[in-house]
Amino acid sequence: MVTLDTSLSLAKTLEHRAENLNKRQFPQKFQKFTQKDEDMEYGDSSPGEYIVRREVLDESRLDVVAQKGTWSIKPTVGDRVKEMLRCSAPRLKDVLLARIPVLAWLPKYSFRENIIGDVISGCSVGIMHLPQGMAYALLASLRPVLGLYSSFYPVLVYFIFGTSRHISLGTFAVISIMVGSVTERLAPDSNFMVNGTNGTESVNIAARDSSRTQIACSLTVLTGIFQILLGVVRFGFMVTYLSEPLIRGYTTASACHVCVSQLKYLFGVKPARFAGPLSLIYTLVEICRLLPQTRVPELVVSVVALSVLIVAKEINDCYRQKLPLPIPIELIVIVAATIITYFCGLRSEYFIDVVGEIPSGLKPPRAPDTTLFSKMIGDAFAVAIVGYAINISLGKTFALKHGYKVDSNQELVASGLCNTIGGFFRCYAVTSSLSRSLVQESTGGKTQVAGIISSVIVLITVLKIGSLFEDLPKAVLSTIVFVNLKGMFKQFIDVPMLWRTNKVDLLVWLVTFVSTILLNLDMGLAVSVSFSMLTVLFKTQLPSYSILGNVPGTDLYLDTEAYREAKEIPGIKIFRSSATINFTNAESYLESLQEKSGIDIGKLQTEKKKREALQKRNQKKEKKREKDEAKKNKLNERKNSQNGVVLSMTDVDPNFPDKGQVNWAYHPDRVTLDSDSNTYEEITTVSHQHELGKHSNCRSGTHSIILDVSMVSSVDTVTVKTLKNIFRDFGEVGVAIYLAGCQACVVEQMERANFFSDSIPKSWLFVSVHDAVLRVLQTLQPETDVMLDSSCNTHM
């Protein structure tokens with residue numbers, strides 16, 4: 001039995017012998033590491049330095065060392081079905097709390113800590129709901145009271161099903177203009193023209209508004225159904241395909257649509273209605289044509305209201321830290337404008353266009369017109385996606401700031417329920433508003449209770465004081481819309497910022513903006529998303545490829561073009577792609593590999609075929625020459641036998657052993673044959689792919705290529721086929737191929753695709769690039785003096 005002392009003694013002896021051997025073979029390398037090893041042994045090494053001692057690991061050896069298991073920790077399909085169907089009290093409770101979040105947070109609500117902030121915040125947001133609700137309803141070509149409805153019912157529903165504590169749900173300019181494009185398309189003024197008393201035609205306002213209300217409610221219900229279905233199938237991740245540059249470019253272009261749509265109220269003109277691509281341009285040209293017909297009273301009202309709103313907004317921005325509450329300038333302007341219009345008789349004397357009748361009270365629910373669904377499927381889906389994208393982006397922003405979690409799928413369901421239920425109560429599609437959400441958060445709002453407070457204010461307005469705003473000029477509401485577009489127009493500064501940071505994101509922003517301006521909101525969104533997806537595809541198709549070099553004294557392998565100290569190892573090319581390999585870029589991967597390594601497979605294979613053809617021709621010539629010589633020998637033997645002459649001077653050709661005696665007189669081409677023989681031997685000396693003891697036939701001097709596949713996240717059939725072809729083609733020209741840094745999931749996919757075989761064993765796949773380099777150098781050590789300082793010890 002071997003004792004511990006014996007083992008230690010044997011280990012010291014082996015270590016001493018190895019040290020003496022290293023001193024003789026690599027004296028400089030040994031001196032370089034001796035001091036560092038001593039420092040490590042006595043604890044004097046630098047805190048930023050470490051030494052790693054381990055064996056070189058390929059994939060097959062890694063399975064043994066790390067004890068790779070074949071078990072699966074994922075539940076089977078049957079287990080998952082059983083878990084889904086399992087019903088118990090705790091599971092039912094979890095489902096209810098997840099689907100109805102108010103049951104989870106409301107019982108824990110702290111009145112002492114939250115109620116004051118929520119009340120103040122709710123009152124501030126409720127005051128903002130009143131002017132914005134009526135103003136944005138005009139964008140949707142609906143009566144202002146529908147904007148108040150949309151600021152009441154959806155907020156109550158979100159209180160129950162929403163997960164964000166700070167967003168303010170309700171009317172929003174972008175969604176309103178998208179709804180307005182549908183209502184005006186399906187219910188244009190031309191469909192409601194009636195003959196007047198003096199032979200002129202006029203629009204039946206009541207019939208038109210009723211029809212547009214039905215269209216808007218049907219669109220809202222269909223939008224909510226889409227959102228609910230997407231949330232149930234957990235499709236909340238779809239918003240990730242709407243990048244931030246796309247959303248910002250889209251909302252900026254939408255702001256331009258909103259701005260142009262409100263110009264008719266500011267100037268008091270009535271332009272023709274345009275639909276389809278370039279409608280924004282046509283509308284703008286039409287308004288410019290009608291400018292000589294501008295109604296001065298409405299222009300004066302617009303300029304005065306706009307000036308007051310801009311000044312007050314700037315005061316709020318400059319003194320927002322000192323003001324306990326922002327000045328409710330929008331509400332003040334609405335009240336003042338209504339009072340002035342009523343008592344000064346602006347409606348009767350100057351024919352200023354006003355809001356008109358605002359019915360008091362709430363209306364009973366009404367089912368949507370399902371026959372309209374087929375005419376608005378595309379519009380409903382676009383509204384659903386845009387509304388949810390705005391909602392979740394704001395929700396996650398506030399959640400990250402205040403340290404809580406927003407469930408993206410539950411938010412999708414909550415938005416769908418808000419729209420679906422609201423559509424039955426004469427609401428149109430809603431989403432969160434940035435301006436109202438910022439006010440709700442900055443004024444101390446802590447929970448969704450602030451939304452309930454704001455709803456109470458809107459309810460009081462609808463029930464009691466809504467009718468008092470019947471003399472409110474529409475021009476004032478338009479100015480409120482204009483001022484609230486300031487934040488969207490400030491997104492134009494994204495252009496220079498993206499120019500400096502990311503040209504691809506800038507291109508997405510510009511394409512989104514231009515397509516939305518020219519093609520309208522629905523088609524613009526489709527083009528924008530398609531182009532954004534193409535940029536992702538182009539990035540995978542056009543990755544950057546690099547040749548890596550070793551930083552002396554480390555196990556780091558960096559791009560030789562980016563790092564001066566990264567040096568290529570003679571005879572070894574280390575190739576890396578910045579993106580995963582798939583069917584879209586497999587061909588470019590192979591082409592770049594040949595370009596970077598300096599090995600043209602096609603050219604080398606052509607030369608090989610030429611060599612093989614030359615070899616066959618030489619063999620044919622040799623056989624023919626042997627036949628001719630045999631015939632000559634037979635003829636000479638016959639002549640000599642007939643003449644009775646016997647040659648006594650014979651010798652043995654040392655270059656042709658085991659062939660008996662040869663007559664020197666009949667070998668005049670001996671020098672030529674020796675030359676051909678040497679050429680033949682040189683041509684046919686082709687090294688096997690992994691017989692690294694022989695020299696490679698590659699003219700570049702490269703005998704090994706290491707493919708760094710650490711960036712590969714998955715492999716498809718095209719990738720597997722491409723890698724097999726690389727092993728085969730480079731092996732035929734005498735270049736060894738190795739893989740390094742392959743992830744475990746990718747190795748499993750390769751195994752399922754039968755990538756590994758006798759010709760491509762698993763031992764050619766290494767844990768890291770450094771392991772692969774060390775294995776190549778260890779194999780070549782008898783024939784090369786190339787050594788890495790880090791061949792045994794890795795120093796950082």
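# Exercises on a predicted model

β6 and β8 run antiparallel as a pair, joined over four bridges. Keep that pairing in mind as you work through this predicted model.

## Exercise 1: Place β8 in its sheet

Task: work out the strand order of the sheet that holds β6 and β8, and say which strands are at its edges.

Solution.

Step 1. Start with the pairing on one side of β8. Here β6 and β8 are antiparallel, and Y545 has S577 in β8 as its bridge partner.

Step 2. Move to the other neighbour. Strand β8 (residues 572–577) pairs with strand β9 (residues 704–708) in the parallel sense, over five bridges. Two residue pairs help you find this register: I574 stands opposite I706 in β9, and R576 has D708 in β9 as its bridge partner.

Step 3. Now extend the order in both directions. The sheet is open and has six strands, in the order β7-β6-β8-β9-β10-β11, and its pairing is mixed. The edge strands are β7 (557–559) and β11 (765–766), each of which pairs on one side only.

Step 4. Add the helix that covers part of this sheet. Helix α25 (residues 586–597) packs on the sheet and touches β6 (545–550), β8 and β9, and its direction makes about 145° with that of β8.

Step 5. Finish with burial. Five of the six residues of β8 are buried, so β8 is largely enclosed by the rest of the structure.

## Exercise 2: Two partners of α12

Task: describe how α12 packs against α24 and against α21, and name the orientation in each case.

Solution.

Step 1. It helps to recall that two packed helices are described by the angle between their axes and the distance between the axes.

Step 2. Take α24 as the partner. Helix α12 (residues 244–267) and helix α24 (residues 503–541) pack at about 45°, with their axes 8 Å apart. The two helices are therefore oblique to each other, and the crossing of α12 and α24 is right-handed. By class, the contact of α12 with α24 has 12 nonpolar, nine polar and two charged residues.

Step 3. Now take α21. The axes of α12 and helix α21 (residues 474–484) come within 9 Å and cross at roughly 155°. An angle over 145 degrees counts as roughly antiparallel, and α12 and α21 are therefore given that label. The crossing in which α12 passes α21 is left-handed.

Step 4. Look at who makes the contact. From α12 come V258, C259, Q262, L263, Y265 and L266, while α21 brings K474, A475, S478, T479, V481 and F482. Sorted by class, the residues of the contact of α12 with α21 are eight nonpolar, three polar and one charged.

## Exercise 3: The contact of α11 with α17

Task: find the orientation of α11 and α17, and list the residues that meet.

Solution.

Step 1. Begin with the geometry. Helix α11 (residues 205–232) and helix α17 (residues 377–402) pack at an angle of about 60°, with axes 8 Å apart. That makes α11 oblique to α17, and the crossing of α11 and α17 is right-handed.

Step 2. Pick out the residues. In α11 these are L219, L222, T223, F226, Q227 and L230, which meet I377, D379, A380, F381, V383, A384, I385 and Y388 in α17.

Step 3. Sort them by class. The contact of α11 with α17 has 11 nonpolar, two polar and one charged residues.

## Exercise 4: Three residues worth a click

Task: for F351, N754 and G451, decide whether each is buried or exposed.

Solution.

Step 1. F351 is in the loop between α16 (346–349) and α17. Its phi is near 55°, a positive value in a residue other than glycine. With 58% relative accessibility, F351 counts as exposed.

Step 2. N754 lies in the loop between α29 (744–752) and β11. The phi of N754 is near 55°, also positive in a residue other than glycine. N754 is exposed, with a relative accessible area of 56%.

Step 3. G451 belongs to helix α20 (residues 449–465). At 12% relative accessibility, G451 counts as buried. Its C-alpha atom is 8.8 Å from that of I167, a residue 284 positions away along the chain.

## Exercise 5: Step back to the whole chain

Task: how many helices and strands does the protein chain have, and what percentage of its residues are buried?

Solution.

Step 1. Count the elements: the protein chain has 30 helices and 12 strands.

Step 2. Turn to burial: buried residues make up 44% of the 796 residues.

Step 3. Check the contacts as well. Among those between residues at least 6 apart in sequence, 80% join residues at least 24 apart.

Notes: Residues are numbered from 1 along each chain as its sequence is written. This is a predicted model: local features need pLDDT of at least 70, side-chain atom pairs count only at pLDDT 80 or more; totals for chains, interfaces and linings use all residues. Side-chain values use heavy atoms; hydrogens and water are left out. Axes are lines fitted to C-alpha atoms, for helices over the stretch in contact, and angles run from 0 to 180 degrees between N-to-C directions. Angles under 35 degrees count as roughly parallel, over 145 as roughly antiparallel, 65 to 115 as roughly perpendicular and the rest as oblique. A crossing is left-handed if the near helix is turned anticlockwise from the far one by less than a right angle, and right-handed if clockwise. Ala, Val, Leu, Ile, Met, Phe, Trp, Tyr, Cys and Pro count as nonpolar, Asp, Glu, Lys and Arg as charged, and the others, Gly among them, as polar. Two strands pair if DSSP finds at least two bridges between them. Contact means heavy atoms within 4.5 Å. Buried means under 20% relative accessible area, exposed over 50%, partly exposed in between (1.4 Å probe, protein chains only).
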